[in-house]
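Trainee: I've got a model to go through and a few things to ask. Can we take it piece by piece?

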Amino acid sequence: GVIGRIVAHLGEYEHKINKKTGGAESIFIFFELEVERIEEKWPEMKKRERRWFTFEEAKQVVSKKVMRKALNQCSLARR
């Protein structure tokens, strides 16, 4: 939904450890993106809603500790 430039790596999170293999079933990797262009159409637009938040709003809305940690490492947290 957006085109931009990755400006920082904000961390990784292994989700749901597979009990049989001991490995992560999925890994989330967080990046900070400097948005250059917003697309009107994107591949998952019928499955995912695009919503914009201020930094303070995002801190209130994010429920997972790992996501709050990533937010606190972005450049907006240092302003």
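Trainee: Which residues make up the largest nonpolar core?
Mentor: Keep in mind that this is a predicted model. In soluble globular proteins, nonpolar side chains tend to be buried together. Here the largest such group has nine residues: L10, F30, F55, A58, V62, V66, A70, L71 and C74.

Trainee: And which element gives the largest share of this core?
Mentor: Two elements, α1 and α2, each give two or more residues to the core. The largest share is three residues, and that comes from α2.

Trainee: Which residues of α2 are buried, and how do they sit around the helix?
Mentor: Helix α2 covers residues 65-73, and its buried residues are V66, A70 and L71. Looking down the axis, they fall within an arc of 145 degrees, so they line one face of the helix. On the other side, K65 and K69 are exposed. So the answer is V66, A70 and L71, on one face within that arc of 145 degrees.

Trainee: What do those buried residues of α2 pack against?
Mentor: Take L71 as an example: leaving out residues up to four places away in sequence, L71 touches F55, A58, K59, V62 and A77. For the buried residues of α2 together, the packing partners are β1 (2-17), β2 (24-38) and α1 (55-61).

Trainee: On to the strands. How many bridges join β1 to β2, and which way do the two run?
Mentor: One pairing to look up is V2, whose bridge partner in β2 is I38. The strands β1 and β2 run antiparallel, and the number of bridges joining them is 13.

Trainee: Which residue in that hairpin takes a positive phi?
Mentor: Look at the hairpin of β1 and β2, where six residues lie between the strands. The phi there is near 80 degrees, and the residue that takes it is G22.

Trainee: How far apart are the C-alpha atoms of T21 and E56?
Mentor: T21 is in the loop between β1 and β2, and with a relative accessible area of 63% T21 is exposed. E56 is partly exposed, at 47%. The two are 35 residues apart along the chain, and their C-alpha atoms are separated by 39 Å.

Trainee: Now for charges. Which residue forms a salt bridge with R5?
Mentor: Side chains of opposite charge can pair when their charged atoms come close. The structure holds four salt bridges, and the one with R5 links distant parts of the chain, from strand β1 to a residue in strand β2, 29 residues apart. R5 counts as partly exposed at 43% relative accessibility, and its partner is partly exposed too, at 39%. The closest N and O atoms are 3.2 Å apart, and the partner is E34.

Trainee: What separates K59 and E56 along α1?
Mentor: Their side chains meet in a salt bridge at 3.5 Å, N to O, and K59 is partly exposed with a relative accessible area of 28%. They are three residues apart in helix α1, so the separation is about one helical turn.

Trainee: Last one: how far apart are the closest N and O atoms of E44 and R48?
Mentor: E44 is partly exposed, with a relative accessible area of 35%, while R48 is exposed at 52%. The two form a salt bridge, and the closest N and O atoms are apart by 2.7 Å.

Technical notes. Residues numbered from 1 in each chain as written. Predicted model: local features only at pLDDT ≥ 70, side-chain atom pairs only at ≥ 80, totals over all residues. Heavy atoms only, no water. Buried < 20%, exposed > 50% of the residue type's maximum accessible area, 1.4 Å probe, protein only. Helix = DSSP H or I, 4+ residues; strand = E, 2+ residues; numbered from the N terminus. Arc of directions from axis to C-beta. Contact = heavy atoms within 4.5 Å. Core = buried A, V, L, I, M, F, W, Y, C linked by side-chain atoms within 4.5 Å. Pairing = 2+ DSSP bridges.
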